Amino acid sequence: MNTRRHSTSWPKLALLTAGAVVFLFPFAYMLSQSLSKQTTGDLGSVIPTPGSSGTQNYEAVNGAVSLGTSLVNSGVFTAGVLLCTLVIGVLAGYGLARLHFRGRSTLFGALLLVQTVPFQLLMLPLYVLVVRDYGLGDSYLGMILPFAVNSTAVFLFRQFFLQLPAELFEAARIDGAGELRILWRVALPMARPALLTGTLIAFIGPWNEFLWPFLVTKDAEMQPLAVSLAGFMSNLRGTVENPTGAVMAGACVLAVPAVVLFLLFQRHFTQTNIDSATKG
Amino acid sequence: MSLPLISPASGGGSPSPGTAGRGVSPGGGPRGGLRGRPRGGGTRGARSPLGALFVTPYALFLVVVFAVPLGYTVWMSFHRFYFTAPGTEVDAPWVGLRNYQDVFTDPVVLRSFLNIAVFLVINIPLTVVLSLVLASALNSRVPLRSFFRAAYYLPYITASVALVAVWGYLFGTDGLLNHLLGGLAPDPSWLVNSVLAMPVVAVFVTWTNLGFFVMLYLAALQSVPRELYEAAGVDGAGRVRTFMAVTVPGVRHATTLVTVLAVIKGSNLFTEPYLLTGGGGPDHASASPVLILYQKGIEQAHPDFAAALGVVLVLVVVTLSLIARRLTERKGA
């Protein structure tokens, strides 16, 4: 189907391909260097040769930061955010979209407002409250709290529930179903695309987050992977034989879960996400 | 972090299925704003106290995580505040604008704002031009479309710590780029060069976020009327002319959004200067306000100073966003 316009699309295709190379090259480089025994800046080192590659960098970084523990910490942090976002966020999204109550528009206004407040402004008071006043430093709860409910996801859920036909809900109400039952039996089964996108958004945020967990975790045993890898990059490089290779190996481990999840649900993610971002 | 959705067209959207979620008018991108929903009109949800119950956990979350810290920052910025062990009461005397005075007379803070200006001057035009060009190219029948989309989006969803690791190595003194450049490599190298460090950070951030902005423009391009392109073709306008006369004005609301988001993201810069240029080096040449906020507030234990800096930063962001909005929206259709 492209043959008809083939001649006109060549410059475009060249441009897009150049773009893809620029975007993908660092990823390819990350992977190839993570498998190389020795890392040098030479162009020849871009493609690992069979003799000089192996998994020793992964072992090295594992020895320095114990990947298993870090991955578990990242996992708990992310799972906590996911759970809160899916439970509290879906309830809030449904309430905002489908139920009448006092202060609804105020709450919705607050939802939009918080998305424009940079987290960095809140970082310091949150640090004082969470770590100093509540004593939640080096704990999962302290890590999760500021991110617990992803407001972007709440917004997304609300928009989705709003678009479902009103008759559906009325019919269920006439049948005498309670709101919780309607949400569970009627709305949620139809909301799978929104739930999927919400899950992805809520996963990627905490999985990739560096600043907050970096502030609240001083104990290496509690640090998520992004934090322990950053610590390795700035302090522990000298402790392994091939520091760059080890850092690249750690970067691969950190990058892979989000990338895989994204590729699995790619089509869904980009479309729903962006549609709701620009159109509401 | 959550992507800030300054998403107009949603506030007043009537929830009837016919109109919900179709906020984009043919003339341009998202419009509208936070308008109170007309009372009793349109919405046909159940009037039930359950609603309040459903949203209570989320409302509490917003109070604990946003409202209280927000008030706390402002309060802190007007007092002399010390970190204390839990349970100990220490006076926090009112000091008026002293903290703000300290912020504005601190050369490192001023340098960090200058750095952000450099960052934005490079980042915003680069982001707008590249993402619009790539989105336009993607907005036609080209083979491998979804592959390209995924490829562009990949850096956006990857942890910046991982990406910083690769870039730090690519741009390192003994890195691939310098090997390619040979004798042309800058000395001192990119990340330890006081002139080049901030531009490299700006290019890096452009690269990581570009995919998101490409998708944003791609969505906006769907609402540019096809007839305009046909009319331009009939008038004999060339490819570049059509792009400038139809595409660019057609997506100007998206351009506003892209600019505002770029300003917000740019002002929140932390991980990149902290890790890529080793703590905002060389000699604060790539320090960002948030990095200073962290260093002053937590490392050096001056939370009151940092709180004042945070308030100033947000005021600057809001002002810049309003200016960006003015500049991109004023030029009439």
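Reader: Over residues 108-128 of chain A, how far apart are the end C-alpha atoms?

Author: Keep in mind that this is a predicted model. UniProt, in an unreviewed entry, lists 108-128 of chain A as one of its transmembrane regions. The chain there is 81% helix and 0% strand. End to end, the C-alpha atoms of that stretch are 28 Å apart.

Reader: And what is the helix percentage over residues 76-96 of chain A?

Author: That stretch is also among the transmembrane regions in the unreviewed UniProt entry. Its end C-alpha atoms sit 29 Å apart, with strand at 0%. Helix comes to 100%.

Reader: Zooming out, which residues of chain A does UniProt give to the "ABC transmembrane type-1" domain?

Author: Taken as a whole, the domain span is 77% helix and 1% strand, and its end C-alpha atoms lie 22 Å apart. The name comes from an unreviewed UniProt entry, which puts the domain at residues 71-265.

Reader: Is Cys252(A) buried or exposed?

Author: The cut-off for buried is under 20% relative accessible area. Cys84(A), at 24%, is therefore partly exposed. Cys252(A) has just 7%, so it counts as buried.

Reader: How many disulfides are there over all chains?

Author: A pair of cysteine sulfur atoms has to be within 2.5 Å to count. By that rule, the total over all chains is zero.

Reader: Which residues form the nonpolar surface patch with about 210 Å² of accessible area together?

Author: One member, Val129(B), lies in helix 3 of chain B, residues 107-138. The patch takes in residues from chain A and chain B. Its members are Leu15(A), Val129(B) and Val133(B).

Key. Residues are numbered from 1 along each chain as its sequence is written. Chains are lettered from A and ligands numbered from 1 in the order in which they are written. This is a predicted model: local features need pLDDT of at least 70, side-chain atom pairs count only at pLDDT 80 or more; totals for chains, interfaces and linings use all residues. Side-chain values use heavy atoms; hydrogens and water are left out. Buried means under 20% relative accessible area, exposed over 50%, partly exposed in between (1.4 Å probe, protein chains only). Patches are made of residues with over 30% relative accessible area and no salt bridge: like charges are joined within 9 Å, nonpolar side chains (Val, Leu, Ile, Met, Phe, Trp, Tyr) within 5 Å. Accessible areas come from the Shrake-Rupley method with a 1.4 Å probe; for residues, only the protein chains shown count as cover. A salt bridge is a side-chain nitrogen of Lys or Arg within 4 Å of a carboxyl oxygen of Asp or Glu. Helices (H or I, at least four residues) and strands (E, at least two) are DSSP runs, numbered from the N terminus. UniProt positions are given in the numbering used here, feature names are shortened, and annotations may be inferred rather than shown by experiment.
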